[in-house]
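Reader: I am new to this structure and should like to understand the terms applied to it. May I ask for the reasoning behind each of them?

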Amino acid sequence: MRLIKLKEVMSNTRLGRSTIHKYVAEGEFPKPVSLGEPAVAWIVSEVDDWVLGKIEQRGVC
């Protein structure tokens, strides 16, 4: 299991910081893991699964 910081999440998803936090608050994006005040990180496999889900949602062109 590998944890990634926000900067890498942003790079992997091409989403901005505020959009990621908005999606987390809405339950539409994986929640970060607390590493202690105020550090957080995301589980890379959960972020990858979210991206794959978006790819599957686009349908066949």
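Author: The model is a predicted one. A suitable place to begin is Y23, which counts as partly exposed, with a relative accessibility of 24%.

Reader: Why is Y23 called partly exposed?

Author: Buried requires under 20% relative accessible area and exposed requires over 50%. Y23 has 24%, so Y23 counts as partly exposed.

Reader: What makes W50 count as buried or exposed?

Author: The relative accessibility of W50 is 16%. Because the limit for buried is under 20%, W50 counts as buried.

Reader: Why is the pair of Y23 and W50 called tilted?

Author: A search of the whole structure finds two aromatic pairs. In the one formed by Y23 and W50, the centres are 6.3 Å apart and the planes make an angle of 45°. Rings pair if their centres lie within 6.5 Å, and an angle that is neither under 30 degrees nor over 60 counts as tilted, so this pair receives that name. The pair links distant parts of the chain, since Y23 belongs to helix α2 and W50 to helix α3, 27 residues apart.

Reader: What makes the pair of F29 and W50 edge-to-face?

Author: Here the centres lie 4.8 Å apart, with 70° between the planes. An angle over 60 degrees counts as edge-to-face, so the term applies to F29 and W50. This pair, too, links distant parts of the chain: F29 is in the loop between α2 and β2, and W50 is in helix α3, 21 residues away. F29 has 4% relative accessibility and therefore counts as buried, the limit being under 20%. Together, Y23, F29 and W50 form one aromatic cluster.

Reader: How do you know that the buried residues of helix α1 line one face?

Author: The buried residues of α1 are L6, V9 and T13. Viewed down the helix axis, they fall within an arc of 55°, so they line one face of α1. In general, an α-helix has 3.6 residues a turn, so residues three or four places apart point the same way. The buried residues of α1 pack against β1, α2, β3 and α3. Just after α1, R14 takes a positive phi of about 65°.

Reader: Why can L3 belong to a surface patch?

Author: L3, in strand β1, has a relative accessible area of 39% and is partly exposed. Patch residues need over 30%, so L3 meets that requirement. With M1, V33 and L35, L3 forms a nonpolar patch that has about 430 Å² of accessible area together.

Note on methods
Residues numbered from 1 in each chain as written. Predicted model: local features only at pLDDT ≥ 70, side-chain atom pairs only at ≥ 80, totals over all residues. Heavy atoms only, no water. Patch = residues over 30% accessible without salt bridge, like charges linked within 9 Å, V, L, I, M, F, W, Y side chains within 5 Å. Areas by Shrake-Rupley, 256 points an atom, 1.4 Å probe, with all protein chains shown as cover. Salt bridge = Lys/Arg side-chain N within 4 Å of Asp/Glu carboxyl O. Helix = DSSP H or I, 4+ residues; strand = E, 2+ residues; numbered from the N terminus. Buried < 20%, exposed > 50% of the residue type's maximum accessible area, 1.4 Å probe, protein only. Arc of directions from axis to C-beta. Contact = heavy atoms within 4.5 Å. Phe/Tyr/Trp six-rings, centres within 6.5 Å; stacked < 30°, edge-to-face > 60°.
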